[in-house]
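Student: Could we go through this structure together, and could you explain the reason behind each term as we meet it?
Tutor: Gladly! Have a look at the picture, and then ask away.

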Amino acid sequence: MTRFAIREARPGDAVGIARAHVTGWRDAYDGILPSSVIERVDIGQRADYRRRILADRDILSVVSFDVTHGDVVGLCDAGKSRRDPPGTGEIYALYLVHHAKRFGLGTEMFDYARTWLAARGMPALVIWVLDNNPHAKRFYEAMGGRAAQAMPSRIAGYPIVERAYRWD
Ligand SMILES: CC(C)(COP(=O)(O)OP(=O)(O)OC[C@H]1O[C@@H](n2cnc3c(N)ncnc32)[C@H](O)[C@@H]1OP(=O)(O)O)[C@@H](O)C(=O)NCCC(=O)NCCS
């Protein structure tokens, strides 16, 4: 029986997405980032951010949800690449809560975003991932992505290395 599905986000999803984002972020980065950094994100602040994203027509926001209860269990945001010339789209965020992983939802949200970007003149795609996040890197490799340049950056002052994955 299918327990999960995906759809485009709606204005009323802000808090549900914020909750899934915070939970997914904590699951994903436990052991990868220090707890002081992981615990900085909170649902209220994420919900305010989410309301702005949902009002922005240049950004796609897709959710995964539990078909029984309607709860949001994952999210994917996409739009123009922040660092590349026109023609390249970017997936800014792709997160699932732990119990919704490995049901193919990541693949479905990724494919939806790719199709949406290509239809808006962005056939190339980039995703920036923490270089020490091996699970996500394996997923992007399974999606046919090519590991490209690395870039030092910071999250809340903590030094990280981001790695680009590209689809040309
Ligand atoms: C990365 C993520 C979005 C993948 O979504 P998912 O729905 O779990 O992945 P899928 O079920 O679509 O997996 C497709 C394929 O990717 C690969 N894959 C996915 N997760 C993997 C993992 N943890 N380890 C190794 N390979 C993995 C497998 O080849 C998988 O195929 P299979 O299940 O038939 O073996 C999800 O695991 C997630 O939210 N991770 C935490 C958040 C995160 O790190 N996001 C990336 C931020 S840039």
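Tutor: Keep in mind that this is a predicted model. Let's start with E6 and E7, which form a hairpin with 2 residues between them. In the turn, Ala156 has a positive phi of about 50 degrees.

Student: How do you know that E6 and E7 pair?
Tutor: Pairing asks for at least two bridges between the strands. E6 and E7 have 8 bridges, in the antiparallel sense, so they count as paired by that cut-off. One example is Ala147, whose bridge partner in E7 is Tyr165.

Student: Which residue stands opposite Tyr165 of E7 in the pairing with E5?
Tutor: That is Ile127. Strand E5 (residues 124-130) and strand E7 (residues 158-167) are joined by 6 bridges, again antiparallel.

Student: What makes E1 and E6 edge strands?
Tutor: Each of them pairs on one side only. You can see it in the order of the open sheet of 7 strands, E1-E2-E3-E4-E5-E7-E6, where the pairing is mixed. On average, neighbouring strands of this sheet are turned by 25 degrees against each other, direction ignored.

Student: How do you know that E3 and E4 are paired?
Tutor: Set the count against the cut-off of at least two bridges. Strand E3 (residues 72-80) is joined to E4 by 7 bridges, and the two run antiparallel. Among the partners are Leu75 and, in E4, Tyr95.

Student: Now the helices: why are H1 and H3 called oblique to each other?
Tutor: Their packing angle is about 125 degrees, with the axes 8 Å apart. Roughly perpendicular covers 65 to 115 degrees, and roughly antiparallel begins over 145. An angle of about 125 degrees fits neither range, and H1 and H3 are therefore oblique. Their crossing is right-handed.

Student: Which residues make that contact?
Tutor: From H1 they include Ala14, Ile17 and Val22, and from H3 they include Ile43, Arg46 and Leu54. By class, the contact of H1 with H3 has 8 nonpolar, 1 polar and 4 charged residues.

Student: What makes a residue part of the shell around the ligand?
Tutor: Its C-beta atom, placed from the backbone, has to lie within 6 Å of the molecule. In this model 19 residues surround the ligand, and the closest are Gly106, Thr107, His135, Arg138 and Ala142.

Student: Which helix supplies the largest share of that shell?
Tutor: H5 does, with 5 residues. H1, E4 and H4 also supply at least two residues each. The shell has 10 nonpolar, 6 polar and 3 charged residues.

Note on methods. Residues numbered from 1 in each chain as written. Predicted model: local features only at pLDDT ≥ 70, side-chain atom pairs only at ≥ 80, totals over all residues. Helix = DSSP H or I, 4+ residues; strand = E, 2+ residues; numbered from the N terminus. Nonpolar A, V, L, I, M, F, W, Y, C, P; charged D, E, K, R; others polar. Axes fitted to C-alpha atoms, helices over the stretch in contact; angles between N-to-C directions. Parallel < 35°, antiparallel > 145°, perpendicular 65-115°, else oblique. Left-handed = near helix turned anticlockwise from the far one by under 90°. Contact = placed C-beta atoms within 7 Å.
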